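Biologist: Please take a close look at one part of this model, the very end of the chain, and then connect it to the rest of the architecture, step by step and with due care about what the prediction can support.

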Amino acid sequence: MAEKKDVYETLGISKNASQDEIKQAYRKMAKKYHPDLNHEPGAAEKFKEVQEAYDILSDTNKKARYDQFGWPGVDPQAGGFGGQGFGGQDFDGAGFSDLGDIFASFFGGGARQRQSSSAGPVRGEDIYSQLRITFMESVKGVIKVIPLSYYRKCSNCRGTGAQTPRDFETCPRCNGIGRIRYTQQTLLGAMTSERTCPECNGVGKKIKVRCTTCNGAGYERIKENYELRIPQGINNGRQLRLQGKGNPGKLGGECGDLYIEIQVESSTTFKREGNNIRIELPISPLDAILGATVDVPTVYGIEKLNIPIGVQNGDVLKIKNKGFKVINSDSFGDELITLIIKTPTSLSKEEKAMYEVLRQSELKGKNRPTEAYTDKVKKLYKL
Ligand SMILES: [Zn+2]
Ligand SMILES: [Zn+2]
């Protein structure tokens, strides 16, 4: 298919023309080539072109699409692409309007200053990394100084690499499409495929005058020792997002983000359960029988704990607000204390004698739980 003429050229206006100027130009050109008034050869053809150009430029949606992609943006059949492997999501209305918005903001002036181009700016890729912290750092929060190397848009060209927004031209090799068709001979005959235009790397545009600040690179490398603030109470696996510190964009596109996944080392003493912290506290049988006040470790220091009379092995006591800080809140979880009754494995002669006295009293008072249990089971199963 023959290449179609640029619509701005057809109407004899600049790409910055306002809707009023477009309308005026259309009236003028339509009058000039109207088949009733102009009988010169080719006038009817010209009139058709003028109509078509005005159809595109008077429709903001179509105009924006044309400004981005040229003819294939408004007519996927144009330029002989036939929609094969193309004309898909790139030209889909919804996807496009996003690109258009970004493009408009990058030129700072909306559609009026928009340049004829194919591809819009491309956002840089996100980067993922991991950072290990200790259990106590996750409890108390920490500031980690990490050496970062990332990119920032050049302040002069805002990432485009061109000295001014007008210093672009449509790539002559791919005509702004960013992709080129080529024919290959295969066993099955000639096959036509597409690939990224090597001239513009798929961007569809070439820089005419390089930005003098960044020499056309568009993005400058920044190295800094970044102070990463890790909040108090952070959970294992939580990702922190550092906006704009990922890979650089292309043609004024935003830089990607850097995600840092926090890996919290486990503790042998303290176990995280939601925002609570659990510990296992060994106590003596005497403390379990008589009750006691004991010292207990918490992540914030040693605390006094009252063990009531007659606790059982596995009972759980609680110290309020000694757990993790709840993120985005002023409240804290609790420390949960599982009591583990530790029976002494070696006794002095004196101790042994005293325990024996206690046992005799237990037997006399029929307080030993074993007898009652055995009696119950004997009756139940008729043993
Ligand atoms: Zn190209
Ligand atoms: Zn620059």
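Modeller: Lys-382 is exposed, because 5 other C-beta atoms lie within 10 Å of its own, and a residue with 12 or fewer is classed in that way. This description rests on a predicted model, so the confidence will be taken up below. Lys-382 is found in the segment after helix 10, which covers residues 369–381, and its phi is near 50 degrees, a positive value in a residue other than glycine. Most residues other than glycine have a negative phi.

Asn-175 offers a second case of this kind, with a positive phi near 60 degrees, again in a residue other than glycine. Asn-175 sits in the loop between strand 3 (168–170) and strand 4 (179–186), and it counts as partly exposed because it has 17 C-beta neighbours inside 10 Å.

A positive phi also appears in a turn, where Gly-274 has a value of about 65 degrees, within the hairpin that strand 10 and strand 11 form with two residues between them. Strand 10 (residues 271–273) and strand 11 (residues 276–283) pair in the antiparallel sense over three bridges, and in this pairing Arg-272 stands opposite Ile-277 of strand 11. On to the next strand, strand 11 is joined by seven bridges to strand 15 (residues 335–341), and these two run parallel; here Ile-279 has Ile-337 of strand 15 as its bridge partner. Strand 15 also pairs with strand 14, in the antiparallel sense and over four bridges, with Glu-335 of strand 15 as the bridge partner of Ile-319.

Taken together, these pairings give an open sheet of four strands in the order 10-11-15-14, with mixed pairing. Strand 10 and strand 14 (316–319) stand at the edges with a single partner strand each, and therefore one side of each is left without a neighbour in the sheet. On average, and ignoring direction, neighbouring strands of this sheet are turned by 35 degrees against each other. In a regular strand the side chains alternate between the two faces of the sheet.

The loop between strand 13 (301–307) and strand 14 holds Pro-308, which counts as exposed because it has 10 C-beta neighbours inside 10 Å. Pro-308 and Ala-288 are 20 residues apart in sequence, and their C-alpha atoms are 7.6 Å apart in space.

There is a further open sheet, made of three strands in the order 1-9-8, and its pairing is mixed as well. Strand 1 (127–133) and strand 8 (239–242) stand at its edges, and because each has a single partner strand, one side of each is left without a neighbour in the sheet. Neighbouring strands of this sheet are turned by 25 degrees against each other on average, with direction ignored. Strand 1 runs parallel to strand 9 (residues 258–264), to which seven bridges join it, and the bridge partner of Tyr-128 in strand 9 is Tyr-259.

Among the helices, helix 3 (residues 43–57) can be checked for regularity: at 1.5 Å a residue its 15 residues should span 21 Å, and its end C-alpha atoms are 21 Å apart, which agrees. In helix 3, Phe-47, Val-50, Ala-53, Tyr-54, Ile-56 and Leu-57 are buried. An α-helix has 3.6 residues a turn, so residues three or four places apart point the same way. The buried residues of helix 3 pack against helix 1 (7–11), helix 2 (19–33), helix 4 (60–69) and helix 5 (71–74).

For the chain as a whole, the secondary structure comes to 10 helices and 15 strands, and buried residues make up 25% of its 383 residues. Among contacts between residues at least 6 apart in sequence, 62% join residues at least 24 apart. As for confidence, the mean pLDDT of the protein chain is 84, and 88% of its residues reach 70 or more. Over residues 78–118, however, the pLDDT is below 50, although this stretch has 77 contacts in the model beyond near neighbours in sequence.

Conventions. Residues are numbered from 1 along each chain as its sequence is written. Chains are lettered from A and ligands numbered from 1 in the order in which they are written. This is a predicted model: local features need pLDDT of at least 70, side-chain atom pairs count only at pLDDT 80 or more; totals for chains, interfaces and linings use all residues. Two strands pair if DSSP finds at least two bridges between them. Axes are lines fitted to C-alpha atoms, for helices over the stretch in contact, and angles run from 0 to 180 degrees between N-to-C directions. pLDDT is the predictor's confidence in each residue, from 0 to 100. Two residues are in contact if their C-beta atoms, placed from the backbone, lie within 7 Å. A residue is buried if 20 or more other C-beta atoms lie within 10 Å of its own, exposed if 12 or fewer, and partly exposed in between; C-beta atoms are placed from the backbone. The expected span of a helix is 1.5 Å times one less than its number of residues.
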